[in-house]
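Please load the model in your viewer and keep the sequence panel open beside it. The stops below are meant to be selected one after another.

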Amino acid sequence: MRFALRATTPSRSRRLARSAGAVAALALGASLMAAPQSYAADSPSVAQLLQACGSADVCKFHPQSYTAYTGPAHQVGSTAYNCASETNQHTVSWWDTTTSTNTVGVAIEAGAEFWEVYKVSVEVSYSHSWTTSHTDNETKTLNVRPGYKGWLQRGTAKQKATGWYELHFGKRYYGHYIWYINNYQAAGWDQDHPQNGYVNFKDAQMTSGERAAHCG
């Protein structure tokens, strides 16, 4: 379970006293290395909690880790087939859009309050910019050998950050004043580490089926 209510402990806070027996006061260390462990029998969904970020009295994201990496290899643009007896040049244009995603399956949209909270917290903590969507495009000339097919393979420069959300409500939300979303992670395009991305030319000899389909 990625979200739940924290177990109950006694508290001196008047506000938390209202939810005594349901939530515990959270001791926040400077490093915030671990999210509080929590549970609840009757719980809202992760989507409901994230959507409630804008109406909560407090909605914070606490980053715990950051990673810059290269996304999985995938083809961009069309495949060029050379049916001639000598090496030919083929022009290939490609477009590739990288959208931000998260591990809880909730769509990330620009302007969404929970995303703005996440983005600001991560940018402040790790000094890297974030965006919901980014499109790259390019036109390249491929030298394809006779009897071969050629294409472009891309690995996108990406970044991800993990942490947890803390939400406080002035009125009981699903019976409680404080909720957490643990183990939240989002990933997206990384403009600050372009060296992690690449576009490579790949080729392979055409199969008999490909010859029949493209060289008839």
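**First stop: a threonine in a strand**

Select T98, which counts as buried because its relative accessibility is 8%, under the 20% that sets the limit for that label. Bear in mind throughout that this is a predicted model. T98 has its place in strand β4, which covers residues 88-99. If you now display its surroundings and leave aside the neighbours within four places in sequence, you will find T98 in contact with T132, S133, H134, R154, T156, K158, G188 and W189.

**Second stop: aromatic rings**

Next, show the aromatic side chains, among which the structure holds twelve aromatic pairs. Start with F61 and Y184, whose rings form an edge-to-face pair at 5.9 Å centre to centre, with 75° between the planes. Which parts of the chain does this pair tie together? F61 belongs to strand β2 (residues 58-70) and Y184 to strand β9 (residues 176-189), so the contact links parts that are 123 residues apart in sequence. Both partners can be checked for accessibility: F61 counts as buried at 4% relative accessibility, and Y184 likewise counts as buried, at 0%.

Move on to F169 and Y173, an aromatic pair that is stacked, with 4.6 Å centre to centre and 20° between the planes. F169 is buried, with a relative accessible area of 6%.

Then widen the selection around the earlier pair, since F61 and Y184 belong to one aromatic cluster that also takes in W115, Y118, W130 and Y165.

**Third stop: charges over rings**

Select R145 together with Y148, where the charged end of the arginine sits over the tyrosine ring, 4.0 Å from its centre. A second arrangement of this kind involves K160, whose charged end sits over the ring of Y69 at 5.1 Å from the ring centre.

**Fourth stop: an open sheet**

Finally, switch to a cartoon view and pick out the three strands that form an open sheet in the order β3-β7-β10, with antiparallel pairing. Strands β3 (74-81) and β10 (198-205) stand at the edges with a single partner strand each, so one side of each is left without a neighbour in the sheet. From one strand to the next, the twist averages 20°.

To look at one pairing in detail, select strand β7 (residues 148-155), which is joined to β10 by eight bridges, the two strands running antiparallel. As a last selection, take G150, which stands opposite D203 in β10.

How values were computed. Residues numbered from 1 in each chain as written. Predicted model: local features only at pLDDT ≥ 70, side-chain atom pairs only at ≥ 80, totals over all residues. Heavy atoms only, no water. Helix = DSSP H or I, 4+ residues; strand = E, 2+ residues; numbered from the N terminus. Buried < 20%, exposed > 50% of the residue type's maximum accessible area, 1.4 Å probe, protein only. Contact = heavy atoms within 4.5 Å. Phe/Tyr/Trp six-rings, centres within 6.5 Å; stacked < 30°, edge-to-face > 60°. Lys NZ or Arg CZ within 6 Å of the ring centre and 35° of its normal. Pairing = 2+ DSSP bridges. Axes fitted to C-alpha atoms, helices over the stretch in contact; angles between N-to-C directions.
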